[in-house]
Structures are given as structure tokens and as C-alpha cells.
Amino acid sequence: MPSDGAALLPYVAIVKSVRSMTPDIKLFDLEIEDEAVRRRFAYKPGQFVFVSAFGVGEAPFGIASVYSRQPGIEVAVRRVGTVTSALHEMEAGARVGIRGPYGNFFPLDEYKGKDMYIIGGGVGMAPLRPVVNSILGRRQEFGKLVVLYGARSPQDLAFADEFDYWAEAPNTRLELTVDRGDEGWKGRVALIPAVVKELAFSASNSVALICGPPIMIRFTLVELKKLSFADHQIVTTLEAKMKCGMGKCARCNVGDKYVCRQGPVFTLEQIGDFIEAY
Ligand code: FES
């Protein structure tokens, strides 16, 4: 779709539902108004869209839904600025602009037969959620699935209503962790890199997919490398780097690569030491 020049213009979409998942993250289900556009708006896990609040501005979001599972497009919006605040004020029935889908994607077919480690931090779990649900939808094609998801506090864990579905799937493990617990939290209190080290993920025939705050990505990479993960076995999405999303603002470069043009999904082999500056 983005190869169509018209895709640089936003389509009008209706907010079908808005759900508060954490104190500052809401999940929006968007449906493009034009039926013909809606039918051809196909996307894959890892791709992103720009969503605009009319009169305010637009921002990029990794798509949080699986294309084949539902007709809408879900995005998780964390309230961090003017656009996301404007979106947070919206209710079902509101209209927004949407353009995309853009970017490359997690090549799931290349991961068939491998053990999968999905490592998400905070709202960074959003683009990984369709990966998890895609794998669960074709469970026999992959080896072991471990989902490690961390947030600042128990209240900051998004997608909580899917945790049972993930945890109870065959050959699948869900590991949750928080930076700070509370009276009701019986789970792990530790930073994600420390959990990676503690669980000693096996690099043998496996792939690790990571998305989250830059500092979490950097320190998680260090632990994965200590566990003998090779650079081609570590895949991350750097969507948080993007601003214009169209190769115009030059603010998304990682080394000689533009995240919006060549990403947002990269193996560590592709971006190498430049991740240090991320
Ligand atoms: S986001 Fe502007 S050039 Fe990539």
C-alpha cells in the first residue's frame, strides 16, 4: 500500500473502541472508513502506521494487531506528548487519520522450526504482540516460545487480558517482571536484562526479538551476546526513532541506515555497533 503515492495522505478511520490498558496506555481499534481501502489495507507484524489527530498532528505507532485475526487496526498509544494526549481524549466514534502501513516486518517464515524468545518492555510489547499471536496461531511451525515482558510496575503491564492465553499455550512460557512491585504483586521484581541472564536463554537454533526503551534494548543485547546469541539471531524494532516516517527529516538514522526507510525491523548484524548510540 505505501507504494501508492496516495498512501502518503491519511485515510479517515473511525475509532471503533478505546480501552485503557495501563494508567498511560490505551488500545485503539481503528477502522478505515472507505471500504475498498479497508479491504486492501494488509499489514504484517512489525509494520507501523501514522495516526493523526486532526488539527493537532500525527505520530507513528507499531501495529499491535494481527491482520488475519480481525478487520481493524489496533495501536497502543502511550500518553507522552500533544498528539498522544489528543488521542487519549478521544472516545469510540471519533475520527482520526491513518496512513501506512509502512516499513519492513518480522520475517516469521524464516523463523520456522526455531525457538523464539520475545522480549518486550513497556509499550514496546505492542509491535511484538502480533508476533506472539501469529506464532500461537501456527503453533506447530515453531519450537519453544518464551515471552518475557517487563514494565515499571504491575499496573503498567499492558495486554494483561491476554496473559492467560499466552501462558497456557502449548510449549509456551510467559515471564513477567516489573521494576517495582506492590502489595498485590507476587511475581518477579527485576530488570529485563537481569531476567534474561537468570533464565539463561539458549542460543541454540533460536531467535530473540526485542522491543522496548533504548536502554533496555542495549543492556538486553549485552546479556544475549554473553549467552552466545550471534548478531543475526537478535532482531529488534527501532520504531521509537522515527519522526516523519518518510525519509525526509533525517532524524531516524542508525549508522548509514534510516529506520523509516530500511526498518524499523533490523537484526543486530545489520545495525552492529551503531545500536550503542541508540
Ligand atoms: S523518520 Fe524522518 S527520515 Fe526517517
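Which elements make a right-handed β-α-β unit? The unit is made by β11, α6 and β12. A crossover is called right-handed if, with the strands pointing away from the viewer, the path from the first strand over the helix to the second runs clockwise. Helices (H or I, at least four residues) and strands (E, at least two) are DSSP runs, numbered from the N terminus.

The model is predicted: local features need pLDDT of at least 70, side-chain atom pairs count only at pLDDT 80 or more, and totals for chains, interfaces and linings use all residues. Residues are numbered from 1 along each chain as its sequence is written, and side-chain values use heavy atoms, with hydrogens and water left out.

**The seven-stranded sheet**

Strands β11 and β12 belong to an open sheet of seven strands with mixed pairing, in the order β10-β9-β8-β7-β11-β12-β15. Its edge strands are β10 (188-189) and β15, each of which pairs on one side only. Two strands count as paired if DSSP finds at least two bridges between them. Strands of a sheet pair through backbone hydrogen bonds, either parallel or antiparallel. Here β11 and β12 run parallel and are joined by three bridges, whereas β12 and β15 pair in the antiparallel sense, also over three bridges.

Individual bridge partners and opposite residues are listed below.

| Residue | Opposite residue or bridge partner |
|---|---|
| I210 | T236 in β12 |
| T236 | F266 in β15 |
| V235 | T267 in β15 |
| F50 | P60 in β4 |

Strand β12 is covered on both faces: I234 and T236 on one side, and V235 and T237 on the other, are all buried. Buried means under 20% relative accessible area, exposed over 50%, and partly exposed in between (1.4 Å probe, protein chains only). T267 lies in strand β15 (residues 265-267). With a relative accessibility of 17%, T267 therefore counts as buried. Leaving aside residues up to four places away in sequence, T267 touches D231, H232, I234 and V235; contact means heavy atoms within 4.5 Å.

**Helix α6**

Helix α6 (residues 214-226) has 13 residues, which at 1.5 Å a residue should span 18 Å; its end C-alpha atoms are 19 Å apart, which agrees. The expected span is 1.5 Å times one less than the number of residues. The buried residues of α6 are M216, I217, T220, L221, E223 and L224. These cover an arc of only 170° around the axis, so they lie on the same side of α6. The arc is that of the directions from the helix axis to the C-beta atoms. On the other side of α6, I215 and K226 are exposed.

The buried residues of α6 pack against β7 (115-121), α5 (192-199), β11 (206-211), β12 (234-237) and α8 (268-271). The helix lies across β7, β11 and β12 and runs at about 165° to β11. Axes are lines fitted to C-alpha atoms, for helices over the stretch in contact, and angles run from 0 to 180 degrees between N-to-C directions. After α6 comes S228, with a positive phi near 75°.

**The six-stranded sheet**

A further open sheet has six strands in the order β4-β3-β6-β1-β2-β5, with antiparallel pairing. Its edge strands are β4 (57-62) and β5 (73-78), each pairing on one side only. From one strand to the next the twist averages 40°. Strand β3 (residues 48-53) runs antiparallel to β4 and is joined to β4 by six bridges.
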